[in-house]
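Thanks for making time for this. Before I begin, please bring the structure up on your screens, so that we can go through it together.

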Amino acid sequence: MKYLLLPLNETRILPFYLAMEEYAARIIGNDDLFFMWQVHPTVIFGRNQLINNEVNLPYCKEHGIATYRRKSGGGCVFADMSNIMMSYITCSDNVEHTFSRYTNAMVKVLKKLGLNASDNGRNDILVDGLKVSGNAFYHLPGRSIVHGTMLFDTDMAHMQGAITPSEEKLASKGVKSVRSRITTLSEHLNGRMDIPQFKDFVKNELCDGELLLTDADVKEIEQLMQSYLTPEFIYGNNPRCSKTIHSRIDGVGEFQISIELDHNLIKDINIAGDFFVIGSIDDSIIARLKGVAYTPEAIGEALKDLDTSKVIANLTTKQLINTFLN
């Protein structure tokens with residue numbers, strides 16, 4: 001695996017790094033790639049989340065915390081200069097295999113530091129049973145990207161103030177707050193290394209060489225970054241709705257489905273949540289349902305030939321239909 005380097009070591013806004021990993025996945029060969037990055041205080045929310053439900057926007061505005069959307073699914077996270085972000089790019093179409101490959105590698109690195117590290121079988125990395133890293137996934141033709149956090153010594157007050165997870169999500173994990181289920185590496189390393197030393201250690205353990213991007217590459221990345229900065233992408237385009245459904249499916253995630261009905265026909269629909277998307281929701285699910293009667297029979301018929309697990313990770317068609325019908 002090669003470590004991806006920029007020509008200049010400077011801190012950029014978060015969408016630059018999202019564009020950087022997308023550019024690398026689309027343009028740069030077939031090698032596995034990895035890089036780490038840090039940003040000034042920022043909240044990043046999943047591709048299918050509703051910003052007003054997940055982010056405390058007044059708090060973020062008051063404290064100068066930026067807010068951006070990513071193209072992967074999953075939940076909302078807070079990042080700052082004490083929180084190391086990691087990007088892993090590989091040739092794989094299998095979500096579970098890609099996640100497992102990355103989380104297993106990171107667990108081995110943390111164990112070499114003497115930490116009691118493990119993964120939770122989905123997308124989190126734990127130390128002493130508490131979350132220290134959360135990760136998300138998205139797929140491009142022939143390439144897959146896993147990116148996520150590594151909490152080293154982040155600002156917990158800003159994390160709690162900026163992110164507003166639902167009570168249902170916290171209840172499903174048996175906890176009362178974000179802080180009660182996470183930890184930081186600094187709490188376990190006892191001053192043995194700082195962030196630059198930790199990053200060097202990870203790089204040396206995971207990578208066997210470097211790949212330096214050119215100034216021309218950076219210009220291409222900056223151009224690609226613009227797609228992450230449009231209001232349409234950041235805030236989404238939710239339909240007027242006459243029905244909103246909230247649901248949580250174990251092993252899949254949270255759902256908020258907004259349906260606009262016209263004489264009991266589905267006119268428009270939006271599916272939001274922190275689930276992991278591995279296919280096109282618009283093409284595979286929403287297109288099948290527009291114009292369909294909002295009845296169990298009609299929805300079941302429209303979705304009967306769909307393998308939803310190829311669109312949303314771990315979701316069955318029966319679960320989807322039951323969620324639509326609340």
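I will talk about two sheets and then about the largest pocket.

First, a word on the model: it is predicted, so to speak of a local feature I need pLDDT of at least 70, side-chain atom pairs count only at pLDDT 80 or more, and totals for chains, interfaces and linings use all residues. Residues are numbered from 1 along each chain as its sequence is written, and side-chain values use heavy atoms, with hydrogens and water left out.

Let me start with the sheet around strand 3, where helices (H or I, at least four residues) and strands (E, at least two) are DSSP runs numbered from the N terminus. This is an open sheet of three strands in the order 4-3-5, with mixed pairing, and two strands are said to pair if DSSP finds at least two bridges between them. Strand 4 and strand 5 stand at the edges with a single partner strand each, so one side of each has no neighbour in the sheet. On average, neighbouring strands here are turned by 25° against each other, direction ignored; the axes are lines fitted to C-alpha atoms, for helices over the stretch in contact, and angles run from 0 to 180 degrees between N-to-C directions.

Strand 3, residues 42–45, pairs with strand 4, residues 66–69, in the parallel sense over four bridges, and Phe45 stands opposite Arg69. With strand 5, residues 77–79, strand 3 pairs in the antiparallel sense over three bridges, and there Ile44 stands opposite Val77. Are the two faces of strand 3 covered or not? Both are covered, since Thr42 and Ile44 on one side and Val43 and Phe45 on the other are all buried, where buried means under 20% relative accessible area, exposed over 50%, and partly exposed in between, with a 1.4 Å probe and protein chains only.

In strand 4 we also find Thr67, which is buried at a relative accessible area of 16%. Leaving aside neighbours within four places in sequence, Thr67 is in contact with several residues, among them Val43, Phe45 and Ile234, contact meaning heavy atoms within 4.5 Å.

The second sheet is open too, with three strands in the order 12-13-14 and antiparallel pairing. Its edge strands are strand 12 (243–249) and strand 14 (265–273), each pairing on one side only. Strand 13, residues 253–262, pairs with strand 14 over eight bridges, and Glu260 stands opposite Asp268 in strand 14. Helix 13, residues 317–324, lies across strand 12, strand 13 and strand 14, running at about 140° to strand 12.

Strand 14 brings us to the largest pocket, because strand 14 gives the most to its lining, with five residues. The volume of this pocket is about 840 Å³. On a 1 Å grid over the protein atoms alone, a pocket is an open set of points with protein on both sides within 12 Å along at least five of seven lines, and lining residues have an atom within 4 Å of a point. Among the 34 lining residues, the closest to the centre are Arg47, Asn48, Val277, Ile281 and Asp282.

Note on methods
On a 1 Å grid over the protein atoms alone, a cavity is a set of points where a 1.4 Å probe fits but cannot get out, and a pocket is an open set with protein on both sides within 12 Å along at least five of seven lines; lining residues have an atom within 4 Å of a point. Grid points are joined across faces, edges and corners, and a volume is the space filled by probe spheres set on the points.
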